[in-house]
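Please open the model in your viewer and keep the sequence beside it, so that each selection can be followed in both. The tour begins with the whole chain and then moves from one selection to the next.

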Amino acid sequence: SDESSDESRSMTAVDGVGPVVAAAVAEFWAENANVAVVDAILAAGVVVEPWNAEDGGWDGAGGVEAGTGPLAGLGVVVTGRVPGMSRDDATAAVERAGGMAQKSVSGKTDLLVVGEGAGRNKAAAAEEKGVRV
């Protein structure tokens with residue numbers, strides 16, 4: 001559509017964003033399921049901070065003070081691929097939000113984030129333990 005081509009042109013005006021990245025971003029946001037996941041994350045209180053191209057970091061990237069933030073005190077497991085994030089990025093995002101990143105579901109897990117291509121084992125373990133998915 002004309003709207004999506006206008007959005008792609010707008011994205012390619014950003015330094016370092018070419019037509020391939022612009023198309024991938026547009027494709028991501030065109031999927032209702034992706035929009036729903038992002039909406040749920042924002043509704044849960046996760047705050048998205050802008051990237052600072054000058055210093056190559058997130059504005060406010062010190063994270064939150066221990067014991068504060070939307071995931072304060074929660075044990076969080078991320079499984080599968082989160083679009084636009086490496087596994088280390090996902091772990092860092094959990095910690096910046098005050099959560100404790102975990103590698104496996106246990107009795108200390110409060111939240112399981114299920115990304116693309118996730119296996120069924122962690123989700124089954126979470127359901128068995130009453131963990132929010």
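Of the 133 residues in the protein, 18% are buried, and it should be kept in mind throughout that this is a predicted model. With the whole chain selected and its surface switched on, the accessible area comes to about 9000 Å², and carbon and sulfur atoms account for 55% of that area. Among the contacts in the protein with a separation of 6 or more, 54% are between residues 24 or more positions apart.

Now change to a cartoon view, in which 5 helices and 5 strands make up the secondary structure. If you follow the chain along the sequence, the elements come in the pattern α-α-α-β-β-β-α-β-β-α.

**The sheet**

Select β3, β4 and β5 together, and you have an open sheet of 3 strands, ordered β4-β3-β5, in which the pairing is parallel. The edges are taken by β4 (100–102) and β5 (111–114), and because each of these has a single partner strand, one side of each is left without a neighbour in the sheet. From one strand to the next, the twist averages 30°. In general terms, the strands of a sheet pair through backbone hydrogen bonds, and they may do so in a parallel or an antiparallel way.

Keep β3 selected and look at how it is joined on either hand: 3 bridges link β3 to β4, while 4 bridges link β3 to β5. Which residues should be picked to see this pairing at valine 76? In β5, the residue opposite valine 76 is leucine 111, and in β4 the bridge partner of valine 76 is alanine 101.

Is β3 mostly covered or mostly open? The strand is mostly covered, with 5 of its 5 residues buried. Showing the side chains of β3 separates them into two groups, since Gly75, Val77 and Thr79 point one way and Val76 and Val78 point the other way, and all of these are buried.

**The nonpolar cores**

Next, select Leu71, Val76, Val78, Ala90, Val94, Ala97 and Leu111, the 7 residues that form the largest nonpolar core. Two or more of these core residues are contributed by each of β3 (75–79) and α4 (87–96). A second core, separate from this one, has 6 residues, including Val77, Val105, Ala126 and Val131. As a general tendency, nonpolar side chains in soluble globular proteins are buried together.

Centre the view on leucine 71 and, setting aside residues up to four places away in sequence, you will find that it touches Val76, Val94, Ala97, Gly98, Gly99 and Leu111.

**Around the core**

From leucine 71, move to valine 46, which sits 25 residues away along the chain, with 8.0 Å between the two C-alpha atoms. Valine 46 belongs to the loop between α3 (32–43) and β1 (51–52), and it counts as partly exposed because its relative accessibility is 26%. Beyond the residues up to four places away in sequence, valine 46 touches Ile41 and Pro70.

Then select methionine 85, in the loop between β3 and α4. Its relative accessible area is 35%, so methionine 85 is partly exposed. Again leaving out residues up to four places away in sequence, the contacts of methionine 85 are Ala90 and Ala93.

Where does asparagine 34 lie? Asparagine 34 is found in helix α3, and with a relative accessibility of 16% it counts as buried. When residues up to four places away in sequence are not counted, asparagine 34 touches Phe28 and Glu116.

**The salt bridge**

For the last stop, how many salt bridges does the structure hold? There is 1 salt bridge, and to display it you should select glutamate 127 and arginine 120, whose side chains meet at 3.2 Å, N to O. Arginine 120 counts as exposed, because its relative accessibility is 52%. In general, side chains of opposite charge can pair when their charged atoms come close.

Technical notes: Residues numbered from 1 in each chain as written. Predicted model: local features only at pLDDT ≥ 70, side-chain atom pairs only at ≥ 80, totals over all residues. Heavy atoms only, no water. Core = buried A, V, L, I, M, F, W, Y, C linked by side-chain atoms within 4.5 Å. Buried < 20%, exposed > 50% of the residue type's maximum accessible area, 1.4 Å probe, protein only. Contact = heavy atoms within 4.5 Å. Salt bridge = Lys/Arg side-chain N within 4 Å of Asp/Glu carboxyl O. Pairing = 2+ DSSP bridges. Axes fitted to C-alpha atoms, helices over the stretch in contact; angles between N-to-C directions. Areas by Shrake-Rupley, 256 points an atom, 1.4 Å probe, with all protein chains shown as cover.
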